[in-house]
Amino acid sequence: MEITIQTKDNTLLKAHLFSPEESNHKVLLINSATGVKQQVYFKFAQYLSTKGYTVITYDYRGIGLSKPHSMKNYSATMRDWGSLDYRALCEFIFEKFPQHQKYLLGHSVGALILGMNPYSQFFEKFIFIATQNAYIGNLKWKTKIEASLGFGVAQPLFSKIFGYFPSSWFGLGESLPTGCAKDWKSLIMNKSSINKLLESTENFSPLLQQETIILHADDDNWVTLQGIDNLLKNTYPQLKSSLQILQSSESPHQKIGHINFFRSYNQSLWKKIVLILQ
């Protein structure tokens, strides 16, 4: 079911609510990766709903169904995603499902924005998928070169020309508002990465102490074990975290990478999430 969520600054976000026929009184919020439309998570959300879970997906402002009619000079940042958009979804959940156990799955940047929102403290457990301190120094060499060209040259140039960053041209997901692209550049090019963005928002990251399961695919070219370790040490030092390595050989197509965990051909991997949420 499609629903509309209004943020404190009156931005309208499109979300989808996947309700089970027989509820287990557990609700899972999915925070998307950068430039990834919520439709990517629909099959996964439907699967979990058949297991009794209530699941909510949504698009951040400037993305997918929450995109404006014109992207040119549209004002939005990743900090808005965390402090306004993600917060509005939390407020909806805590109002509509007060008695449910609450869980959060953060995919890539969706796990990095948790510290921008005080509601993060009240989830029972986190699942992180394909996330890390994204500083270029933590990346593999080939990815370092791609990131240097993409964020050192293409992002500022094309953002200036078009008034937004056409990241889809470079295989980086949906086109992004300039402010979001600039924040993404900070994640990649600034050694402090997400901590740099947290300097200009309230930062609740050090307060988070939940059990957190981190899933890392061995064929994810954008995430390294060094980057994961740096994120936990420097941003989420109090999380009770454990790491699970996803072997690409577990995938029927032998492909997981940064996004493909959520593809329907990898449904055999989704039982891992059910086990985590039990």
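A cavity here is a set of grid points where a 1.4 Å probe fits but cannot get out, and its lining residues have an atom within 4 Å of a point. I kept that beside me while going through this predicted model.

**Entry 1, the cavity.** I looked for enclosed space and found 1 cavity of 30 Å³ or more. The largest cavity holds about 40 Å³. Which residues line the largest cavity? I wrote down Ile-129 and Ala-130, then Leu-215, His-216, Ala-217 and Asp-220, then Leu-246, and finally Ile-256, Gly-257, His-258, Ile-259 and Phe-261. Strand S9 (residues 211–217) gives the largest share of that lining, with 3 residues. I sorted the lining by class and got 8 nonpolar, 3 polar and 1 charged residues.

**Entry 2, strand S9 again.** While there, I checked Thr-212, which is in strand S9. Is Thr-212 buried or exposed? Its relative accessibility is 0%, so I put it down as buried. The Thr-212 side chain makes a contact with the backbone oxygen of Gln-210, at 3.3 Å.

**Entry 3, aromatic pairs.** Next I searched the whole structure for ring pairs and came away with 23 aromatic pairs. I took Tyr-58 and Tyr-60 as one to look at: their ring centres are 5.3 Å apart and the planes meet at 85°, so I logged the pair as edge-to-face. Both Tyr-58 and Tyr-60 are buried.

Then I turned to Phe-94 and Tyr-119. Why does this pair count as tilted? The planes are at 55°, with the ring centres 5.3 Å apart, and tilted covers planes that are neither under 30 degrees nor over 60. Phe-94 belongs to helix H2 (residues 78–96), whereas Tyr-119 is in the loop between helix H3 (109–112) and strand S6 (125–129), so the pair ties together parts 25 residues apart in sequence. I checked accessibility too: Phe-94 is partly exposed at 24%, and Tyr-119 is partly exposed at 22%.

I followed the ring pairs on from there. They link Phe-94 and Tyr-119 into a cluster with Phe-122, Phe-123, Phe-126, Phe-128 and Tyr-236.

**Entry 4, charges over rings.** Back at Phe-94, I asked what lies over the face of its ring. I found Lys-102 there, 5.0 Å from the ring centre. I also noted Lys-144, whose charged end sits over the ring of Trp-141 at 4.0 Å from the centre.

Definitions and conventions
Residues numbered from 1 in each chain as written. Predicted model: local features only at pLDDT ≥ 70, side-chain atom pairs only at ≥ 80, totals over all residues. Heavy atoms only, no water. 1 Å grid on protein atoms, 1.4 Å probe; cavity = no way out; pocket = protein on both sides within 12 Å on 5 of 7 lines; lining within 4 Å. Points joined across faces, edges and corners; volume = space filled by probe spheres on them. Helix = DSSP H or I, 4+ residues; strand = E, 2+ residues; numbered from the N terminus. Nonpolar A, V, L, I, M, F, W, Y, C, P; charged D, E, K, R; others polar. Phe/Tyr/Trp six-rings, centres within 6.5 Å; stacked < 30°, edge-to-face > 60°. Buried < 20%, exposed > 50% of the residue type's maximum accessible area, 1.4 Å probe, protein only. Lys NZ or Arg CZ within 6 Å of the ring centre and 35° of its normal. Polar contact = N/O pair within 3.5 Å; in protein donor to acceptor, adjacent residues only side chain to side chain.
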